[in-house]
Amino acid sequence: MNVVLLEVLGNPTIIILVIAAIFLLFGGSKLPQLAKALGQSKKAFKEGIDEGEHDDTAKPRKNLESVDDEALFEEARRRAQQMRAEEAKKLER
């Protein structure tokens with residue numbers, strides 16, 4: 001498969017046909033906007049990855065042994081009750 005991909009990318013005729021097809025599909029006025037959007041998406045993706053890596057190293061995770069089971073269950077009950085109340089309000093409307 002890698003050989004076929006390299007052969008396709010190495011052929012200038014196919015590359016020109018692909019570029020022409022893209023140009024026909026999007027038009028000349030849309031291509032700069034498309035390139036800008038792709039660049040912004042790539043930048044945002046890289047920033048998100050860097051932020052995620054930074055968050056993982058900045059905050060050490062708590063040990064699970066230090067979690068109180070009763071407090072955890074009480075929080076789950078409180079959230080479930082809150083969700084039920086919100087659903088009931090939605091159904092009343």
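Modeller: In this predicted model, partly exposed means a relative accessible area between the buried limit of under 20% and the exposed limit of over 50%.

Colleague: Is Arg 78 buried, exposed or partly exposed?

Modeller: The relative accessible area of Arg 78 is 42%. Buried would need under 20% and exposed over 50%. Arg 78 therefore counts as partly exposed.

Colleague: Which residues are joined with Glu 75 into one network of salt bridges?

Modeller: Arg 78 forms a salt bridge with Glu 75, with the closest N and O atoms 2.5 Å apart. The side chain of Glu 75 also meets that of Arg 79 in a salt bridge, at 2.9 Å from N to O. Salt bridges that share partners thus put Glu 75 into one network with Arg 78 and Arg 79.

Colleague: About how many helical turns separate Glu 74 and Arg 77?

Modeller: Glu 74 and Arg 77 form a salt bridge, their closest N and O atoms being 3.4 Å apart. Both residues are in helix 4 (residues 69–92). Because they are three residues apart there, the separation is about one helical turn.

Colleague: Which helix gives the most to the nonpolar patch?

Modeller: The patch covers about 620 Å² and includes Ile 14, Ile 22 and Leu 38. Helix 2 (12–26) and helix 3 (30–58) are the elements that give two or more residues to it. With five residues, the most comes from helix 2.

Colleague: What span should the 15 residues of helix 2 have?

Modeller: The expected span takes 1.5 Å times one less than the number of residues. The end C-alpha atoms of helix 2 are 21 Å apart, which agrees with the expected 21 Å.

Methods
Residues numbered from 1 in each chain as written. Predicted model: local features only at pLDDT ≥ 70, side-chain atom pairs only at ≥ 80, totals over all residues. Heavy atoms only, no water. Patch = residues over 30% accessible without salt bridge, like charges linked within 9 Å, V, L, I, M, F, W, Y side chains within 5 Å. Areas by Shrake-Rupley, 256 points an atom, 1.4 Å probe, with all protein chains shown as cover. Salt bridge = Lys/Arg side-chain N within 4 Å of Asp/Glu carboxyl O. Helix = DSSP H or I, 4+ residues; strand = E, 2+ residues; numbered from the N terminus. Buried < 20%, exposed > 50% of the residue type's maximum accessible area, 1.4 Å probe, protein only.
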